[in-house]
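Notebook open, coffee ready. I'm going through this one entry by entry and jotting down what I look up.

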Amino acid sequence: AQFRPLGAGAPIDKTLTLRDMQPGIYTGLWLMPVLALLQSSLASRLEFRGVLPGFVLVTVVSWGILRGLEEGLVWAFVGGVSLDVLSGLPFGTNTVAMVVTAGVVSLGEGTFIRTHALLPLMTVFGATILYYVIVLFILQSTQQPVDWLAALRTYMLPTAIYNALMSILVFWLARRLESRIYRAPRAHW
C-alpha cells in the first residue's frame with residue numbers, strides 16, 4: 001500500500017454505519033440470537049436440579065442496567081424474538097415478557113443500581129420473577145393450565161437464584177463489553 005498525505009488523491013469516505021453510530025444496538029442484533037441459540041442448545045449442560053440458566057434474560061437485564069432504556073429494549077426485543085423462534089411457547093410470549101421486563105429494569109439505568117455491587121444481582125433476581133410471571137400470565141391467557149404455586153416454588157424461585165448468581169459474571173462481562181465498544185465514557189445527566 002502506498003502512503004498518501006491528507007488532501008491528496010481520493011476523498012475520504014465520511015459515511016457512518018449503524019455500528020459507528022449505535023455500537024450497542026449493532027452488538028445486540030448479533031449477540032442476542034447467538035445467546036438464544038446457546039440457551040436453547042447448551043443450557044441443558046448447565047442444568048442444576050432441574051433449573052436452567054437464562055442467558056438471554058440475564059444479559060438483557062445487565063445491558064439495560066448499563067446502557068438504559070433504548071438499548072435495553074432493542075436487546076430485549078431481539079432476544080425475545082430469537083427465543084420465540086426456538087421455543088415451543090406461543091409466538092410472542094418471550095418477546096412480550098422480555099420487553100416488559102427490560103423496560104422496568106432499564107428505568108434504573110445510570111443511578112445507584114449501576115454502582116452498588118449487590119443491586120444488579122438483586123435486579124436480576126426480581127427481573128427473573130417478573131419475566132416468568134408474565135410468561136405464565138400469557139400462557140394462562142391462551143387457555144393453557146398453569147399451577148402458579150408449583151411454578152413459583154419449583155421453577156421461578158430456583159431460576160431467579162441461579163440467574164442472580166450467574167449475573168455476577170454476566171454483569172462483569174457486560175461492563176467489559178460496554179467499555180470496549182464505547183470508547184468514551186457515557187455522560188449521565
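**Entry: a serine**

I started with S167, whose side chain reaches the backbone oxygen of A164 at 2.5 Å. I count a polar contact as a pair of N or O atoms within 3.5 Å; within protein, one must be able to donate a hydrogen and the other to accept it, and residues adjacent in sequence count only if both atoms are side-chain atoms. S167 sits in helix α8. Helices here are DSSP runs of H or I with at least four residues, numbered from the N terminus.

Is S167 buried or exposed? I find it buried, because its relative accessible area is 3%. The cut-offs are under 20% for buried, over 50% for exposed and partly exposed in between, with a 1.4 Å probe and protein chains only. Leaving out residues up to four places away in sequence, S167 touches V58, P120, L121, V124 and W172; contact means heavy atoms within 4.5 Å.

**Entry: ground rules**

Note to self: this is a predicted model, where local features need pLDDT of at least 70 and side-chain atom pairs count only at pLDDT 80 or more, while totals for chains, interfaces and linings use all residues. Residues are numbered from 1 along each chain as its sequence is written, and side-chain values use heavy atoms, with hydrogens and water left out.

**Entry: salt bridges**

How many salt bridges does the structure hold? I get 2, taking a salt bridge as a side-chain nitrogen of Lys or Arg within 4 Å of a carboxyl oxygen of Asp or Glu. Side chains of opposite charge can pair when their charged atoms come close.

One bridge joins E71 and R67, at 3.6 Å from N to O. E71 is buried at 4% relative accessible area, and R67 counts as buried at 9%. The other joins R67 and E178, at 3.1 Å from N to O. R67 lies in helix α3 (residues 55-67) and E178 in helix α8, so this pair ties together parts that are 111 residues apart in sequence. R67 and E178 are both buried. I drew R67, E71 and E178 as one linked network of salt bridges.

**Entry: helix α4**

E71 sent me to helix α4, which takes in residues 69-86. Its 18 residues reach 25 Å from first C-alpha to last, close to the expected 26 Å; the expected span is 1.5 Å times one less than the number of residues. Among the buried residues of α4 I noted E71, W75, V78, L83 and D84. Their cover includes α2 (23-41), α3, α5 (93-106), α7 (118-141) and α8.

**Entry: the nonpolar patch**

Back to the surface. F125, L149, L152, L157, I161, L165 and I168 make a nonpolar patch of about 620 Å². Such patches take residues with over 30% relative accessible area and no salt bridge, with nonpolar side chains joined within 5 Å. Which helix gives the largest share? I found it to be α8 (residues 148-181), with 6 residues. L152 is in α8 and counts as partly exposed at 31% relative accessibility.

**Entry: two odd phi angles**

Most residues other than glycine have a negative phi. R49 has a positive phi of about 55 degrees; this residue is in the loop between α2 and α3 and is exposed at 76%. Q143 has a positive phi too, of about 65 degrees. Q143 lies in the loop between α7 and α8 and counts as exposed at 70%.

Key. Patches are made of residues with over 30% relative accessible area and no salt bridge: like charges are joined within 9 Å, nonpolar side chains (Val, Leu, Ile, Met, Phe, Trp, Tyr) within 5 Å. Accessible areas come from the Shrake-Rupley method with a 1.4 Å probe; for residues, only the protein chains shown count as cover. Helices (H or I, at least four residues) and strands (E, at least two) are DSSP runs, numbered from the N terminus.
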